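Me: I should like a close look at a single part of this protein, described strand by strand and then set against the rest of the chain. Please take the sheet nearest the start of the sequence as the centre of the account.

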Amino acid sequence: MPHMRNKNHHLAQRKSRWYLRIRYPKKVRVILGLQPDAEYEVTLETGDVREARKARDARLVIIRKEWDRICSEAGSDESSLIKQALELKKRTEGNPAAIEFDRNVQVDIWRDKIRDRAFALGLIDKYGAGEMDIDVAEDIAASMDPEAKKYENAILVAIGESVPISEASERFLGVCDLSKSTIANYRTAYKVLLSEYSYFNELDKPSVRDLFNKLGQSLTKATLHKYRSAYRQLWEFENLPSDIWEQKIYSRVKGTKRNRFADEDYGRLLIECQHSNPQLFHAIRIAAHTGGRLAEVTNCSLVEVVEGTYFIILPGTKNEQSNREIPCHSAIVDSVKVWCANPLSTKDLGRDFTALKKKLGYSDEHVFHSFRHSFTHKLEMAEIPLNIAKKLLGHKLADVTFGLYGGRLGANEKIAIRAIESIRWQGDIVRI
């Protein structure tokens, strides 16, 4: 602690109240744009000189740390303030008795900054007097002045009355049990939300409606539904009411129509890549006979249930919590074996397929997912019962199950095998 010239150094008394008063360092004055004689002054909320000295000493430690930070960072942006507030909140929760005093001192400093802004806006005079109550003046300052607002936000975070969406979303994504692609989509959704709002308490049903109306000008309805799912789960993670997100979604943007591949398209794709990219050739055949998504095909595996009868296991993706186990079409067993021995990554498979379909002149209406639509259409044309078709596609149906049962096939498995074997692709190339 720096040596004091006398016990009441940096103290001033007015009307039986003690104040801390200290001149701003020159470097700080320059950074903050203050007058050469500018002083930092704040009430110590006591008329007892001994208590005032203790409060002064504690304040000076924090103030000088604040000035050091201002000099090193050339000003504090809101993100650094919130980071500091979160650290104070975390430390207080871990050791309340030892840390709460430090937090309260820092909160007082931030509140003083709000008061300074209220003074700059003419809401109060230098000593807090004026036509309106000082708390009201501070609230008004925070509502109309960005500088005051960022300190108010820091205070709310430090005392646990507000949580930054950015901090909570990172915690959620760090522990959630979601696929990598879903986490990437959620991260994008949170980035979009953060471009409009920073804190949970800023959002209610009217603001959510306004948000979706704005996003609906440039995003498709399908994308908005994905974003809403991301936001709802984040609110539930924070134990906040998620019903504010239960609103109708409208979009002015029409999504890209996804066309299925016809038999002739399928044949063209196979012919083009059968020699130039054998692994892509096998992946296309697997997708066409299973309706597998890109990530499912990439990570699929093959199991022989009984001699000569195989099931293909497609790992759970999207909203599916478990693997999809369906009969493997006899025509693609060899392709699955070759593929599983040396599969392409999801990224490489997507890249190679996009290059192939563009080379053949297909537009964005045809994507790898189009094979899933084709598979669905094949099941419809073969008049497969709806419940069996849905189960083959991976939809949850409590009354229909089939899979691997220790070397035997049940009734549902036999029905599923017949359904899969009914699929026929004209122009199919069985072997390279």
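Reply: Strands S1 and S2 are joined in the antiparallel sense by 4 bridges. One of the residue pairs in this ladder is Ala 12 with Tyr 19 of S2, its bridge partner. The model described here is a predicted one.

The pairing continues on the other side of S2. Strand S2, residues 17-23, also pairs with S3, again antiparallel, and here the pairing extends over 5 bridges. Within that ladder Leu 20 has Val 42 of S3 as its bridge partner. Taken together, S1, S2 and S3 form an open sheet of 3 strands in the order S1-S2-S3, with antiparallel pairing. S1 and S3 are the edge strands and have a single partner each, so one side of each lacks a neighbour in the sheet. On average, neighbouring strands of this sheet are turned by 30° against each other, direction ignored. As a general point, strands of a sheet pair through backbone hydrogen bonds, in either a parallel or an antiparallel manner.

How enclosed is strand S3, an edge strand? Of the 5 residues of S3 (residues 39-43), 4 are buried, so the strand is largely enclosed by the rest of the structure. The edge position of S3 concerns its partners in the sheet, while the burial describes how S3 is enclosed by the structure as a whole.

Two residues beside these strands deserve attention for their backbone. His 10 lies in the segment before strand S1 (11-14). Its phi is near 65°, a positive value in a residue that is not glycine. His 10 has a relative accessible area of 18% and is therefore buried, the cut-off being under 20%. Ser 16 is located in the loop between S1 and S2. Ser 16 likewise is not a glycine, and its phi is positive at about 65°. In general, most residues other than glycine have a negative phi.

The chain has another sheet against which this one may be set. This other sheet is open, holds 3 strands in the order S4-S5-S6, and is paired in the antiparallel sense. Its edge strands are S4 (301-306) and S6 (324-327), each of which pairs on one side only. The average turn between neighbouring strands of the sheet S4-S5-S6 is 30°, direction ignored. S4 and strand S5 (residues 309-314) run antiparallel and are joined by 5 bridges. In this ladder Val 306 has Thr 309 of S5 as its bridge partner.

S6 leads on to the helices, since S6 is included in what covers the buried residues of H17, along with helix H12 (278-290), H16 and helix H18 (411-421). The buried residues of H17 are Ile 388, Ala 389, Lys 391, Leu 392 and Leu 393. The axes of H16 (residues 370-381) and H17 (residues 386-393) come within 10 Å and cross at roughly 160°. H16 and H17 are therefore roughly antiparallel to each other, and their crossing is right-handed. From H16 the contact involves Arg 372, Phe 375, Thr 376 and Leu 379, and from H17 it involves Ala 389, Leu 392 and Leu 393. By class, the residues of this contact are 5 nonpolar, 1 polar and 1 charged. Just after H17, Gly 394 adopts a positive phi of about 100°.

A further helix pair is formed by H5 (residues 134-144) and H6 (residues 146-158), whose axes come within 6 Å and cross at roughly 110°. H5 and H6 are therefore roughly perpendicular to each other, and the crossing is left-handed. Asp 139, Ala 141, Ala 142 and Met 144 of H5 make this contact with Pro 146, Ala 148, Lys 149 and Glu 152 of H6. The contact residues of H5 and H6 divide into 5 nonpolar, no polar and 3 charged.

Finally, the setting of the sheet S1-S2-S3 is the whole protein chain, which contains 18 helices and 6 strands. Of its 432 residues, 44% are buried. Among contacts between residues at least 6 apart in sequence, 66% join residues that are at least 24 apart.

Key:
Residues are numbered from 1 along each chain as its sequence is written. This is a predicted model: local features need pLDDT of at least 70, side-chain atom pairs count only at pLDDT 80 or more; totals for chains, interfaces and linings use all residues. Side-chain values use heavy atoms; hydrogens and water are left out. Buried means under 20% relative accessible area, exposed over 50%, partly exposed in between (1.4 Å probe, protein chains only). Helices (H or I, at least four residues) and strands (E, at least two) are DSSP runs, numbered from the N terminus. Two strands pair if DSSP finds at least two bridges between them. Axes are lines fitted to C-alpha atoms, for helices over the stretch in contact, and angles run from 0 to 180 degrees between N-to-C directions. Angles under 35 degrees count as roughly parallel, over 145 as roughly antiparallel, 65 to 115 as roughly perpendicular and the rest as oblique. A crossing is left-handed if the near helix is turned anticlockwise from the far one by less than a right angle, and right-handed if clockwise. Contact means heavy atoms within 4.5 Å. Ala, Val, Leu, Ile, Met, Phe, Trp, Tyr, Cys and Pro count as nonpolar, Asp, Glu, Lys and Arg as charged, and the others, Gly among them, as polar.
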